[in-house]
Amino acid sequence: MFIYDYQGNTMYQGNFFGNCVDLENPIDQRVRYFPKLVSSYDTDAALLECIVDRPENLDVINFLINQDYATKFGATSNEVQAAIWTLIDDDNPVDGAQGFDFDTAITMQIIDDAKAKGEFYIPSCDGYFVVLLDQDCKDALANNQTPNVTVQQSIMWLPVSGVTSAHRT
């Protein structure tokens, strides 16, 4: 889990939690990225499939980020991150790989809970929703080009309360 500083946006100002959703492409901390924002509830299936491997689990991820798994299962941010990777990426994380440690049993509890309760989830007004940070898909698809995603696709958690009624669908 990391924190985004998304300044200059007319709806959202401040820092927001976020997660990686792609184990194959690392984030280069020396590079400044300028992603396009895509709602996890977007109806463009081709766009969502380009950004994440398993877009059918985005509602489950929205449920997951609105739960307190630290209290419920004793989870750390690493177990939450591992659960997100497992649900959204074709590659599954391995405990201890590349210095990333997590409790596999707690991660599975999170996944099982989210899958059991998260299908068709819509967050409440005081909750959060996932916004995908697209690095290349939207532009490539709009220009009938094959996307060449070689950098980390990520998500950030935005408060539903920050979306004005004019922006809600």
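I take axes as lines fitted to C-alpha atoms, for helices over the stretch in contact, with angles running from 0 to 180 degrees between N-to-C directions. Helices (H or I, at least four residues) and strands (E, at least two) are DSSP runs numbered from the N terminus.

I note that this is a predicted model, in which local features need pLDDT of at least 70, side-chain atom pairs count only at pLDDT 80 or more, and totals for chains, interfaces and linings use all residues. Residues are numbered from 1 along each chain as its sequence is written, and side-chain values use heavy atoms, without hydrogens and water.

**Overall.** I found 6 helices and 5 strands in the protein chain, in the order β-β-β-α-α-α-α-α-β-α-β.

**H2 against H5.** I looked up helix H2 (residues 58–65) and helix H5 (residues 104–117): their axes come within 9 Å and cross at roughly 115°. The contact (heavy atoms within 4.5 Å) involves Val60, Phe63 and Leu64 of H2 and Ile110, Asp113, Ala114, Lys115 and Lys117 of H5.

**H5 alone.** I checked its length: at 1.5 Å a residue, the 14 residues of H5 should span 20 Å (1.5 Å times one less than the number of residues), and the end C-alpha atoms are 20 Å apart, which agrees.

I then listed the buried residues of H5 (under 20% relative accessible area, 1.4 Å probe, protein chains only): Ile106, Thr107, Ile110, Ile111, Asp113 and Ala114. They cover an arc of only 165° around the axis (from directions to the C-beta atoms), so they lie on the same side of H5. The face turned away from that side carries Ala105, Lys115 and Ala116, which are exposed (over 50%). Among what covers the buried residues of H5, I recorded H2, helix H3 (69–73) and helix H4 (77–88).
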